[in-house]
Amino acid sequence: MFAAERRQLILEMVRANGAVSLRELARVVQTSEVTVRRDVRALEAEGLLDRRHGGAVLPGGFTRETAFPQKSHLATAEKTAIADAAAAFVSEGEAIVVGAGTTTQELARRLARVPGLTVVTNSLLVAQALAHANRVEVVMTGGTLRGSNYALVGSGAEQSLQGLRVSRAFLSGSGLTAERGLSTSNMLAASVDRALVQAAAEVIVLADHTKLGSDTMFQTVPTDVITRLVTDEPPGHEERAGTELQALADQGVQITVAGERAAGGGENERQPARKPGRAQVPLPAPRRGQVGGGGPQLRSAATIAEQPGARVADMRRR
């Protein structure tokens with residue numbers, strides 16, 4: 001296949017799917033990933049698509065949402081490392097919320113080993129990952145199912161989160177910038193994510209470096225509400241991601257870089273600049289008296305909203 005034919009086929013695949021991994025492109029055009037990467041660079045130089053680590057996406061910051069099958073094959077190693085690092089912030093007996101996404105699904109697989117945990121989620125994939133976990137209680141929101149990412153959205157999901165208080169929210173999204181914070185390309189998903197944020201004392205964002213500097217249509221979490229970002233180290237040639245990471249730290253976001261080891265042996269922590277007036281919200285103590293055995297119980301979020309053990313101070317910034 002000539003280079004022009006390859007590049008035309010690559011363009012057609014990206015336009016049809018929104019995002020395609022280099023591996024899949026190489027398989028379809030029957031060539032090496034090295035050759036496909038060169039083609040993608042040439043198409044990006046013409047403004048026909050944008051490169052992302054491990055793949056290619058539609059051009060422009062405000063792009064349509066990538067379907068789950070494509071997202072699940074992008075930056076898989078980075079998402080695994082981020083999930084490993086994020087799991088360290090969850091303690092036995094906590095109550096947390098976990099939003100929808102491929103990275104949060106990876107996190108859920110690791111949370112299955114945390115005893116006495118209560119996980120509130122609107123994601124069927126997160127719930128599935130925890131379905132057979134011993135001594136983990138899974139609480140599903142109500143709502144309407146979005147088949148593109150297997151998440152429950154709409155007024156039913158939002159209403160079921162009213163009155164809920166947990167220690168931390170773990171969220172992902174389509175883009176993250178220091179200027180606007182976390183964003184997504186779907187209005188219904190953004191609305192539910194905002195409801196999840198209101199239920200938590202701390203907000204931890206999970207985003208690989210391909211999302212840093214990308215801005216999508218609907219803001220979910222403003223920068224000043226994000227407590228911590230767990231991400232991977234941007235490659236040296238990804239200047240935009242590195243610049244955005246520093247800008248987020250300057251805004252007061254605590255940064256954990258997965259895969260980097262500090263001198264003490266833990267994940268690397270980049271100290272944020274102190275932002276005047278940034279709220280410091282106390283976390284709740286772990287719940288006691290957890291009864292083990294038998295796997296998780298599934299309940300609606302509304303049934304735990306009034307439990308004293310799940311309440312903490314309202315996270316809204318003053």
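Start by selecting S21, which sits in strand 1 (residues 19-21). This is a predicted model, so keep that in mind as you click around. S21 is buried, at a relative accessible area of 10%. Now add G54 to the selection: the two are 33 residues apart in sequence, yet their C-alpha atoms are 5.6 Å apart in space.

Next stop, the salt bridges. There are 10 of them by the rule used here. Pick D39 and R6, whose closest N and O atoms are 2.7 Å apart. D39 belongs to helix 3 (residues 33-45) and R6 to helix 1 (residues 3-17), so this pair ties together parts that are 33 residues apart in sequence. Are the two partners buried or exposed? D39 counts as buried, at 0% relative accessibility, and R6 is buried as well, at 12%.

For a bridge inside one helix, go to E24 and R27, with 2.6 Å between the closest N and O atoms. Both lie in helix 2 (residues 22-29), 3 residues apart, or about one turn of the helix. E24 is partly exposed at 30%, while R27 counts as exposed at 55%.

Then jump to helix 6 (residues 102-111), where R109 and E106 are also separated by about one helical turn. Their closest N and O atoms are 2.4 Å apart. R109 is partly exposed, with a relative accessible area of 39%, whereas E106 counts as buried at 18%. Widen the selection to D84 and R110 too: salt bridges with shared partners join D84, E106, R109 and R110 into one network.

Time to look inside. The largest nonpolar core has 35 residues, and L176, V205, V221, L229, L248 and I255 have the most contacts within it. Elements that give two or more residues to this core include strand 9 (166-171), strand 12 (200-206), helix 10 (239-250) and strand 15 (254-261). Centre on V205: leaving out residues up to four places away in sequence, V205 touches L171, L176, L182, I226, R228, L229 and V230. A second, separate core of 28 residues includes A87, V114, L117 and F170.

Back out to the surface, select L124, L145 and Y150, a nonpolar patch with about 260 Å² of accessible area together. Y150 is in the loop between strand 7 (144-146) and strand 8 (151-153), and is partly exposed at 37%.

Last pick: S160, in helix 8 (residues 155-160). S160 counts as buried at 10% relative accessibility. What does the side chain of S160 reach? Show the backbone oxygen of A157, at 2.7 Å.

Key. Residues numbered from 1 in each chain as written. Predicted model: local features only at pLDDT ≥ 70, side-chain atom pairs only at ≥ 80, totals over all residues. Heavy atoms only, no water. Core = buried A, V, L, I, M, F, W, Y, C linked by side-chain atoms within 4.5 Å. Buried < 20%, exposed > 50% of the residue type's maximum accessible area, 1.4 Å probe, protein only. Helix = DSSP H or I, 4+ residues; strand = E, 2+ residues; numbered from the N terminus. Contact = heavy atoms within 4.5 Å. Patch = residues over 30% accessible without salt bridge, like charges linked within 9 Å, V, L, I, M, F, W, Y side chains within 5 Å. Areas by Shrake-Rupley, 256 points an atom, 1.4 Å probe, with all protein chains shown as cover. Salt bridge = Lys/Arg side-chain N within 4 Å of Asp/Glu carboxyl O. Polar contact = N/O pair within 3.5 Å; in protein donor to acceptor, adjacent residues only side chain to side chain.
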